[in-house]
Amino acid sequence: MANVVVVGAQWGDEGKGKIVDWLSERADVIARFQGGHNAGHTLVINGTVFKLSLLPSGIVRPGKLAVIGNGVVLDPWALFAEIDKLTAQGVAISTDNLMIAENTPLILPLHQDLDQLREAAAGKAKIGTTGRGIGPAYEDKVGRRTIRVADLGDEETLEARIDRLLAHHDALRLGLGAAPIDRAELTAKLKAIAPKLLPFSQPVWKVLAEARRVGKRILFEGAQGALLDVDFGTYPYVTSSTTMSGMAASGTGLGPNAIGFVLGIVKAYTTRVGEGPFPTELDDADGETLGRRGHEFGTVTGRKRRCGWFDAVLVRQTCAISGAKGIALTKLDVLDGFVTLKICTGYEIDGVQYDYLPTAAALQAKVVPVYEELEGWAESTAGARSWVDLPAAAVKYVRRIEELIGCPVAMLSTSPERDDTILVTDPFAD
């Protein structure tokens, strides 16, 4: 049986949470491998809404092991706030079903401060971060000055890590006109949270290797989307981690040969939050309709999402880079009632045709989308659970997407509810 990696194939918000939750019934372990609490995964189960940011989506299913891998940057205070919220909704969370890699870097209050100070100072050049400290935490990781989960277990190591960290951050804060960090306060906060966090700390790489050895199914859960990847996204309007499928290996400690099926999650139209290029963005009534029907507001920030037609150029590109064997097409029901639908099939820049999005920002700013029109459908697709429940025009739309992106539809989602899903190809049976 294949282990499955789930990644977003657009700018995030594609509906990964629901798909991971649905697939987790077939999995034994669900491992989150990158990002932080800037992620927002919404699950709707029998009418109850669960909103997750750090916890793997499989946490709501009894009998599954949820893992936070070393590729994640972890805000421990945000984690326990999320645990408390889910516990109040009846979800049991303990060291029996949640594990955190001992080499996971921590997000501290100083990271959030720096994130917000930089965005404020950038003015019109701001990137549009969530202000939760994700980027600064990743910077400290690669700068070899981060505090990791295991460091909380040894006072001498922790003190040395704090010294190195503050030597960097106090200098940055001085340049931004902010006061130095209160070392005693930070130390006290870390020592207070340590007894709560350390019981969840484990050598995740070893646990996953054993799970794989005995034939357990592992589901790797990514956050954000491929177009927010720090290397291949619309830089600099990206996140600070690698959002592609390859990160599943290094972000958990398993080798790349552990990855079987890569499933790209794709919305039936396109959205993005924050700044940056968006070739098919709609500033008209159709865009407003997509946003209203799709409830396009960020799970984490509540920010209104920008909406546009499906961009086959970008999804073809992200499927190729991520190695997707299939896609899960979500929110098809949002398109119900449109008389005409459009799909972007190519770009024109200064009279030159492109079948991909160039890296150069100056070229991205000049992109003019080339559209193909398809007939819409008046019937409802909401809640459909088989192909025969779909209007012929909706099936034609799905098939045309497959042709244009060069990747088959493995799953189709027709509402936020867990069971309103059409399975075409079981990723675990690859």
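Q: Two strands pair if DSSP finds at least two bridges between them; how many bridges join strand β13 to β17?
A: The model is predicted. Strand β13 covers residues 326-330 and runs parallel to β17, and in this pairing Leu 329 stands opposite Leu 412 of β17. Since the criterion asks for at least two bridges, the pairing is met by the number that joins these strands, which is three.

Q: Which residue of β18 stands opposite Met 411?
A: Strand β17 takes in residues 409-413, and β18, made of residues 421-423, is joined to β17 by three bridges. The two strands run antiparallel, and the residue of β18 that stands opposite Met 411 is Leu 423.

Q: How many residues of strand β17 are buried?
A: To be buried, a residue needs a relative accessible area under 20%. Strand β17, residues 409-413, is described as mostly covered, and of its five residues the number buried is five.

Q: Which are the edge strands of the open sheet of ten strands?
A: The order of this sheet is β7-β6-β5-β2-β8-β1-β9-β13-β17-β18, with mixed pairing. Within that order, β1 (residues 4-8) and β8 (residues 218-221) pair in the parallel sense over three bridges, with Val 4 placed opposite Leu 219. An edge strand here pairs on one side only, and the strands that do are β7 (201-202) and β18.

Q: Which helix gives the largest share of the largest nonpolar core?
A: This core holds 55 residues, of which Phe 310, Ile 327, Leu 332, Leu 335 and Tyr 397 touch the most other members. Its largest share amounts to seven residues, and the helix that supplies them, spanning residues 392-405, is α12.

Q: How many residues make up the second, separate core?
A: This further core includes Phe 80, Leu 86, Val 91 and Ala 194. It is separate from the core in which α12 has the largest share, and its number of residues is 37.

Q: Which residues does Leu 332 touch, not counting residues up to four places away in sequence?
A: Leu 332 is one of the residues that touch the most other members of the largest nonpolar core. With residues up to four places away in sequence left out, Leu 332 touches Ala 268, Trp 377, Thr 381, Leu 390, Ala 394, Tyr 397, Val 398, Leu 412 and Ser 413.

Q: What is the volume of the second largest pocket?
A: Its lining counts 26 residues, and those closest to its centre are Thr 42, Gly 294, His 295, Lys 331 and Pro 416. By class, the lining has five nonpolar, twelve polar and nine charged residues, while α1 (16-24), β3 (41-45) and β4 (48-52) each supply at least two residues. The volume of this pocket is about 640 Å³.

Q: Why is α1 described as largely enclosed by the rest of the structure?
A: The residues of α1 that are buried include Lys 16 and Asp 21 as well as Ile 19 and Trp 22. The helix is largely enclosed because the number of its nine residues that are buried is nine.

Q: Is Thr 42 buried or partly exposed?
A: Thr 42 lies in strand β3, and its C-alpha is 34 Å from that of Ala 360, which is 318 residues away in sequence. Its relative accessible area is 31%, and because buried means under 20% and exposed over 50%, with partly exposed in between, Thr 42 is partly exposed.

Q: What is the relative accessible area of Ile 349?
A: Ile 349 is found in strand β14, residues 340-349. Leaving aside its neighbours within four places in sequence, Ile 349 is in contact with Tyr 354, Pro 358, Leu 363, Lys 366 and Val 367. Ile 349 is buried, with a relative accessible area of 2%.

Q: What is the phi of Lys 331, which is not a glycine?
A: Most residues other than glycine have a negative phi. Lys 331 sits in the loop between β13 and β14 and is partly exposed, with a relative accessible area of 23%. Its phi is positive, at about 60°.

Q: Is the peptide bond from Tyr 235 to Pro 236 cis or trans?
A: Most peptide bonds are trans. Pro 236 lies in the loop between β8 and α8 (247-250), and the bond that leads to Pro 236 from Tyr 235, with omega near 5°, is cis.

Methods. Residues numbered from 1 in each chain as written. Predicted model: local features only at pLDDT ≥ 70, side-chain atom pairs only at ≥ 80, totals over all residues. Heavy atoms only, no water. 1 Å grid on protein atoms, 1.4 Å probe; cavity = no way out; pocket = protein on both sides within 12 Å on 5 of 7 lines; lining within 4 Å. Points joined across faces, edges and corners; volume = space filled by probe spheres on them. Helix = DSSP H or I, 4+ residues; strand = E, 2+ residues; numbered from the N terminus. Nonpolar A, V, L, I, M, F, W, Y, C, P; charged D, E, K, R; others polar. Buried < 20%, exposed > 50% of the residue type's maximum accessible area, 1.4 Å probe, protein only. Core = buried A, V, L, I, M, F, W, Y, C linked by side-chain atoms within 4.5 Å. Contact = heavy atoms within 4.5 Å.
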